[in-house]
Amino acid sequence: MAVTIKDVARESGVNISTVSRALNHGYGVNEQTRERVVAVAARLDYRPNRVARGLVTGRTHSLALVLSDIRNPFFAELARGAEDAARAGNCDLVLCNSDLDPDKQMQYVRSLLEKRVDGILMNSVAVLSREQQARLAACGVPIVLLNRSALNRAFSTVCADNETGGALAAKYLLGLGHRKIAHLTGPREHGNLSDRTRGFISTLQSAKDPVQPIVLRGKFNFSGGCELTKQLLDEHPDVTAIFAGNDVMAFGAVRAALDRGLRIPEDLSLIGFDNIEFASVIHPPLTTIHQPMYEMGHAAIEILLRLARDKNKQVPEHRTLGVELIERQSCRQLSCINSIAVNSCNRPASC
Ligand code: RIB
């Protein structure tokens, strides 16, 4: 038979209400009594009924993390930060992969709301209709997004400074003398990626001698990076540098370059975004834009916990975390000879 709160009360010599307050750090219990009750509860292996308690407090101490795909190591790192923050806040974290499919996303949200989670961290609502987004904003449970394209700024947001990250990538490639530059990225509605694209293009265009990059859009995963690079090399064989929308796309670009017998960085320079762990492990180690993934997950859950604790103060909060360029070995300086830049295999590129 499961041990009940009555058993703990009887063994401790106090009433049920005192046991409840002692175990939940409530008021009016002196330290000696609290320690005795905690010791008895531990000895009897008493497990409080959180479901019953949730009916009284209105909180389940469960949070949800709705991501597009945990297989992108960016999200694994972020999820770790989120889980550590949830645990510190005495909450469990439920993981859902939405594949950014609007139906799947809404089904998960509905199910999570029925389970009465205290808050939801989602990486994007961009694929949802305006009506679905409005329904979400009015659902009564705090929601934090990992991008900025939230309708009416109704949701809290945590993101990296993606626009600055794109600008850093552009400045770096310009500084190395690249002029035939491509950017491979995901769909326009993906807020983070579009911010990177904006920063990248505007920096290239505001250079002393403006550059118009080739922009190709597709799947923002390994196979997307691979397919887009093959398309790029077919259509623009004179390209000397690629800025990939994220690191896994950059890995796909490496695969495609190898398949075409091209060397990185000798024949093609490559820069990614995220700075996932594997970026430093691949050959050559990938130059990339670091975003603080763990800290983003942690910060987002901190906001959710604050909103979940104080239901009367539902003011959305927006945090933007800094990015930095991590220089490794996947980009090379083009040498300029008589105003013509040539790479190591002597494919000319205008300087
Ligand atoms: O969702 C895809 C991308 O957006 C990730 O790789 C990361 O860059 C995030 O910001």
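Q: Before we look at helix H6, what is the expected span of a helix?
A: The expected span is 1.5 Å times one less than the number of residues. Keep in mind that this model is predicted.

Q: OK. How far does H6 reach from its first C-alpha to its last?
A: H6 covers residues 102-114, 13 in total, and reaches 18 Å. That is close to the 18 Å expected.

Q: Which residues of H6 are buried?
A: Gln 105, Met 106, Val 109 and Leu 112. Seen down the helix axis, the buried residues fall within an arc of 125 degrees, so they line one face of H6.

Q: Why would residues spaced like that point the same way?
A: An α-helix has 3.6 residues a turn, so residues three or four places apart point the same way.

Q: What covers the buried residues of H6?
A: Strands S1 (62-67), S2 (92-97) and S3 (119-122) are among the elements that do, as is helix H7 (130-137).

Q: And on the other side of H6, which residues are exposed?
A: Asp 103 and Glu 114 are exposed there.

Q: What happens at the start of H6?
A: A side-chain oxygen of Asp 101 comes to within 2.9 Å of the backbone nitrogen of Asp 103.

Q: Switching to strand S8. Which residues are buried on its two sides?
A: Ala 241 and Phe 243 are buried on one side, Ile 242 and Ala 244 on the other.

Q: Which strands are joined to S8 by bridges?
A: S6 (residues 181-185) is joined to S8 by 4 bridges. S9 (residues 269-274) is joined to S8 by 3. Both pairings run parallel.

Q: How does the chain cross from S8 to S9?
A: Through helix H11 (residues 247-259), in a right-handed β-α-β crossover.

Terms used. Residues numbered from 1 in each chain as written. Predicted model: local features only at pLDDT ≥ 70, side-chain atom pairs only at ≥ 80, totals over all residues. Heavy atoms only, no water. Buried < 20%, exposed > 50% of the residue type's maximum accessible area, 1.4 Å probe, protein only. Arc of directions from axis to C-beta. Contact = heavy atoms within 4.5 Å. Polar contact = N/O pair within 3.5 Å; in protein donor to acceptor, adjacent residues only side chain to side chain. Pairing = 2+ DSSP bridges. Right-handed = clockwise from strand over helix to strand, strands pointing away.
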